[in-house]
Amino acid sequence: MPRLHRFLPFLQWPRPDGSLLRNEALAGLTVGLMVVPQGVAYAALAGMPLVTGIYAALLPALIAVLFSASPRLSVGPTALTCLLVGSSLAPLATPGSAEWVQLAVWLALLSGALQVLLGLVRYGWLLNLVNSPVLMAFTQAAAVLIIASQLPALTGFDNMGALLAGRGWHLQAFAFGLGALALLVGARRLRPGFPSVLVLVLVSAGLSRLLGFEAQGGPVIGTLPQGLPALFLPGWPGWETLGALVLPTLMITLVSFLETASSAKVDSGQRGARWDQDQDLIGQGLAKLASGLTGAMPTSSSFSRSALNLYAGAQTAWATVFSVAVVLLALLLAMPLLHHVPLAVLAAIVVLPVWGLIKPRAFVLLWRLSRVEALIAGATFAITLLAAPRLYWGVLAGVVMALTLFLYLRLHPRIIEVGLHPDGSLRDRHLWQLPPLAPRLCALRMDAALDFATASALERAVADHLQQQPDTTHVMLVAHPINWIDATGAEAFGRLRERLDDQRVHLHLVGVKLPVERVLRTAGHLYENERLHLYRTEAEALQAIAQGATAEPEADPRD
């Protein structure tokens, strides 16, 4: 049964009572009223028919909450995922066309299938290849691009070309856009939990109709189809087109799940539970599949809506069920209300939450922590902007740079000669200008695993010291930090021991961990010898060396 509960998390939902249902209904109503206008706005960002944004918040949200390990996340269209869809398909089709919709559906199906597969084989750890600086830089660059894409509609222009040329300006659209943005900012500061987005949409629709905004050439949402989405089976795009979708699929899979991770960690932390990233991969993947089969774009977990869900007091997955019911009622009854909503208002709805993603101070803090990682983040940010609309090159470049740094650090482990600090600890002798621990002693500490990446560095460190100090008779290796050793590391240790033995230098091993010791004994490199000594602590080793317990014999038995 526990195994069944892991694959079917909804079996663990609490049986609701009247009090719980009232609380969850209020939270679900709050999120549902927000997701409807947001879904329409994000569909426009993805270049999709506007109603598909609502489709993406219906069945996918229900599937996600049934099969995900994080029950309080709001799943549906998000700005970043929709931007990736729009930018990925821009070279392949015309926005809003039938071909565009089919390719967007293929992105949803492919990324969903990939996430389900990764979750089933429990490979969620692969997503850790993207570190925090790269993700931060990519997210901020994407936020800049999202805001740039919404500026024409927000300021009353038809497109970016018209904005740059200063022609085709619509004064009323400009007023709607900036007015909506100002009202949303004010509402967020004064009443964070208030359904300001829905109120804004309804008020702007009323004003638009009253002023005859559409009749004066003002861009509005227009007529949206009512009713439930039908099953959508996309046509075969051809192998060449499918190949062009591979990189966008990988990027959407990666970025959308990292969006999920940011919300899921908050949710699991509040619940005092361990985050099951593999089960969330399965749930999010199934949600994408459901979205594609209803003719919509890939979905993800919205950080802003998930935060609102928690702020509204959601305790269980039942809140999401109620928010889905709100979306369902909107699809069946409320579509005519959205007809007169100006597109400038939708632009404001997109811009406000995305604006919060732009945090220049994050780069300043990163520069203080690690200048190399700050440079990687800066390069990721620049490449993402310059490569638009192919945003995935920014993340790929960042991942490659981050992995290159990781490999460099792994191939250059920290191996220091230690000395006795006045506070009684062993520290870097050269950094703190400390005297040697004992005459003719080389005391090294290796702060890394002993494997194929670091073995040659250890051999080189010992060889360099013996070359500079040929009178050395004792080498002490502080092995406490060495928690892993592989076959290459064992071979390197064997060569090191033979070399020291040939030069009649004693090797003192301090604090060898049991797994490392087992490998070395199995490899035959810890056999009894008068020049090999094992200790638990540095004090034991230093005492033995000081007492001359390992003094060099007058003649080597092999001579």
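User: In this predicted model, where does Arg122 lie?

Analyst: Arg122 is found in the loop between α6 (98-120) and α7.

User: What makes the phi of Arg122 worth pointing out?

Analyst: Most residues other than glycine have a negative phi. Arg122 is not a glycine, and yet its phi is positive, at about 60°.

User: What is the peptide bond from Ala388 to Pro389, cis or trans, and how do you know?

Analyst: That bond, from Ala388 to Pro389, has an omega near 10° and is cis, whereas most peptide bonds are trans. Pro389 has its place in the loop between α18 (371-387) and α19 (392-411).

User: Why are α5 and α12 called roughly antiparallel?

Analyst: The axes of helix α5 (residues 79-89) and helix α12 (residues 246-271) cross at roughly 170° and come within 9 Å. Angles over 145 degrees count as roughly antiparallel, and α5 and α12 are therefore described as roughly antiparallel to each other.

User: Which residues make that contact, and how do they divide by class?

Analyst: On the side of α5 the contact is made by Leu80, Thr81, Leu84, Val85 and Ser88, and on the side of α12 by Pro248, Met251, Ile252, Val255, Ser256 and Glu259. By class, the contact of α5 with α12 has seven nonpolar, three polar and one charged residues.

User: What makes β4 and β8 the edge strands of their sheet?

Analyst: The open sheet has six strands in the order β4-β3-β5-β6-β7-β8, with mixed pairing, and β4 (426-428) and β8 (532-535) are its edge strands because each pairs on one side only, a point that rests on two strands pairing if there are at least two bridges between them.

User: How do you know that β7 and β8 pair, and in what sense?

Analyst: Strand β7 (residues 506-510) and β8 share four bridges in the parallel sense, and at least two bridges are needed for a pair. His508 has His533 in β8 as its bridge partner.

User: Which helix lies across this part of the structure?

Analyst: Helix α23 (residues 538-546) lies across β4, β5 (441-446), β6 (474-478), β7 and β8, and runs at about 175° to β6.

User: What is the volume of the second largest pocket, and which element gives the most to its lining?

Analyst: The second largest pocket has a volume of about 770 Å³. Of the 32 residues that line this pocket, the closest to its centre are Ala44, Leu45, Ala148, Ser149 and Gln150. The element that gives the most to the lining is α7, with six residues. By class, the lining has 24 nonpolar, seven polar and one charged residues.

Technical notes:
Residues numbered from 1 in each chain as written. Predicted model: local features only at pLDDT ≥ 70, side-chain atom pairs only at ≥ 80, totals over all residues. Heavy atoms only, no water. Axes fitted to C-alpha atoms, helices over the stretch in contact; angles between N-to-C directions. Parallel < 35°, antiparallel > 145°, perpendicular 65-115°, else oblique. Contact = heavy atoms within 4.5 Å. Nonpolar A, V, L, I, M, F, W, Y, C, P; charged D, E, K, R; others polar. 1 Å grid on protein atoms, 1.4 Å probe; cavity = no way out; pocket = protein on both sides within 12 Å on 5 of 7 lines; lining within 4 Å. Points joined across faces, edges and corners; volume = space filled by probe spheres on them.
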